[in-house]
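Me: Hi! Could you walk me through this model?
Reply: Happy to, here it is.

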Amino acid sequence: GGERRQIGMLIGYLGAEYGGFDVSGSHPTARTVGGEMLKALVKSGACTAHDTLESVGWSRSSATAEGEHASAQTVAFDCLLFRTSMQGFADRLNSKLPPDLRVLNAAPCEHAPQGAGKAPPPAANRKFHAHYDALSVSYEYAVPAAFLARIPEAAVAGGMHALQEHVAAFRMTKKQEKAANGLLRAFITGGTKGCPWHAASWEFRHFTDAHRVVAEYGGNTRVSIKGASCGRRLVVNGMEHVCIQVEGRGFLHGQVRRMAGLLVMLLQGRSKASPEDVLQAALCGDPAVHPPLAPAHGVVLDRTSYQGEGVLPKEGWTDSYSAQQIDSFRNKMVMPHVGAPQATGVMCQWLLETCAKWHV
């Protein structure tokens, strides 16, 4: 019981210790981000002990699977009224949450300011939905820079030690970055004859698990991609990493990991046909191309874009405080984990195993 108000929250988390964001039907007892959030909301008095995520109208901008991270996930729910400030509310929630899950900002979901000539605001009972109101979602996949250039055969044949030595010493050149971006551009939809990106799509049927194609997506596995590029670099533990950035709408389970996996293998020269032809075939649903699944820990939900009209929390987190909080969590929590020696070892093992068996 009690009067409620819809609240939006910007949260960040390391996904290593979670079985994904949502409760899974195949693993109903797994520890999830959503489950931990609900516990904290109950402990802080924002929800009752009888509440469920469904009963409070919970929504999130995009799902993350087991082991995947977020530097900026948007959630919204119907909160019991409280007397403290929004900052006080966020601080109280964080005191009930584990250190790998943080509320970065919180704000009531309200009508965004309307400029002159804009359409009137929606009806007063219109609620914000973190997923359906999103214009686009952006993911990053952080990968050792050496993976985006042809690795010498001696480093691959030499096993883990030789590969890790090569990866640690490698620094990407502008020419290598340009070659990677040339392939990534092929993922982008629209752009021809005035067609906007969201009006066109590629067939990503083979970029997700086969059993999900019908059971989860009803056979519709076409996805629109607004942008795909790499360039943001960071050095963690002396090793250069590059972030593959993709922005789009309606991403499938495992899609970002397979996009990254396919890009890496094509740049390693593991195809008989040209990389451009293989990528084009994959995006047209060619069953002969099975994009390899890269490890989960490289995936980071980077941000969600919302329209500056309608019902939004904090105008879609476009304020400077939200940006500062996102960057801080990303740089201090997520990237040191992604670039840790254990994580890099997992990436190198994946590369060796995939190079040995993946050919097209």
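**Strands, rings and charges**

Reply: Let's start at a strand pair: Glu203 stands opposite Arg222 in β7. Before going on, this is a predicted model, where local features need pLDDT of at least 70 and side-chain atom pairs count only at pLDDT 80 or more, while totals for chains, interfaces and linings use all residues. Residues are numbered from 1 along each chain as its sequence is written, and side-chain values use heavy atoms, with hydrogens and water left out.

Me: Got it. In what sense do β6 and β7 pair, and over how many bridges?
Reply: β6 and β7 (residues 222-236) pair in the antiparallel sense, over two bridges. Strands here are DSSP E runs of at least two residues and helices are H or I runs of at least four, numbered from the N terminus; two strands pair if DSSP finds at least two bridges between them.

Me: And how many bridges join β7 to β8?
Reply: Eleven, with β7 and β8 (residues 239-249) running antiparallel. Within that pairing, Arg232 has Cys243 in β8 as its bridge partner. The β7 and β8 hairpin has two residues between the strands, and Asn237 takes a positive phi near 55° there.

Me: Which salt bridges does Glu247 in β8 make?
Reply: Glu247 forms one with Lys226, where the closest N and O atoms are 3.9 Å apart. That pair links distant parts of the chain, since Lys226 sits in β7, 21 residues from Glu247. Glu247 also forms one with Arg303, at 3.6 Å between the closest N and O atoms. Arg303 is in strand β9 (residues 299-306), 56 residues from Glu247. The cut-off is a side-chain nitrogen of Lys or Arg within 4 Å of a carboxyl oxygen of Asp or Glu.

Me: Is Glu247 buried or exposed?
Reply: Buried, at 12% relative accessibility. Lys226 is partly exposed at 41%, and Arg303 is partly exposed at 37%. Buried means under 20% relative accessible area, exposed over 50% and partly exposed in between, using a 1.4 Å probe and protein chains only.

Me: How many salt bridges does the structure hold?
Reply: The structure holds 17. One of them joins Arg212 and Glu216, with the closest N and O atoms 2.7 Å apart. Arg212 and Glu216 also belong to a network of salt bridges with Asp209 and Arg258.

Me: Which side chain of opposite charge is nearest to Arg257?
Reply: Glu68, 4.3 Å away; Arg257 is buried yet has no salt bridge. For charges, Lys and Arg count as positive and Asp and Glu as negative, with His and the chain ends not counted. Arg257 is in helix α7 (residues 255-267), and a polar atom of its side chain lies 2.6 Å from the backbone oxygen of Ala294.

Me: Switching to rings: how many aromatic pairs are there?
Reply: A search of the whole structure finds nine. Among them, Phe187 and Phe207 are edge-to-face, because their ring centres are 6.5 Å apart and their planes are at 80°. Rings of Phe, Tyr and Trp (its six-membered ring) pair if their centres lie within 6.5 Å; planes under 30 degrees apart are stacked, over 60 edge-to-face and the rest tilted.

Me: Where do Phe187 and Phe207 sit?
Reply: Phe187 is in the loop between α5 (174-184) and β6 (202-203), and Phe207 is in the loop between β6 and α6 (212-215). Phe187 is buried at 1%, and Phe207 is buried at 0%.

Me: Last one: how many disulfides?
Reply: The count is zero. Cys195 has Cys284 as its nearest cysteine sulfur, 15 Å away, whereas a disulfide needs two cysteine sulfur atoms within 2.5 Å.

Definitions and conventions: A polar contact is a pair of N or O atoms within 3.5 Å; within protein, one must be able to donate a hydrogen and the other to accept it, and residues adjacent in sequence count only if both atoms are side-chain atoms.
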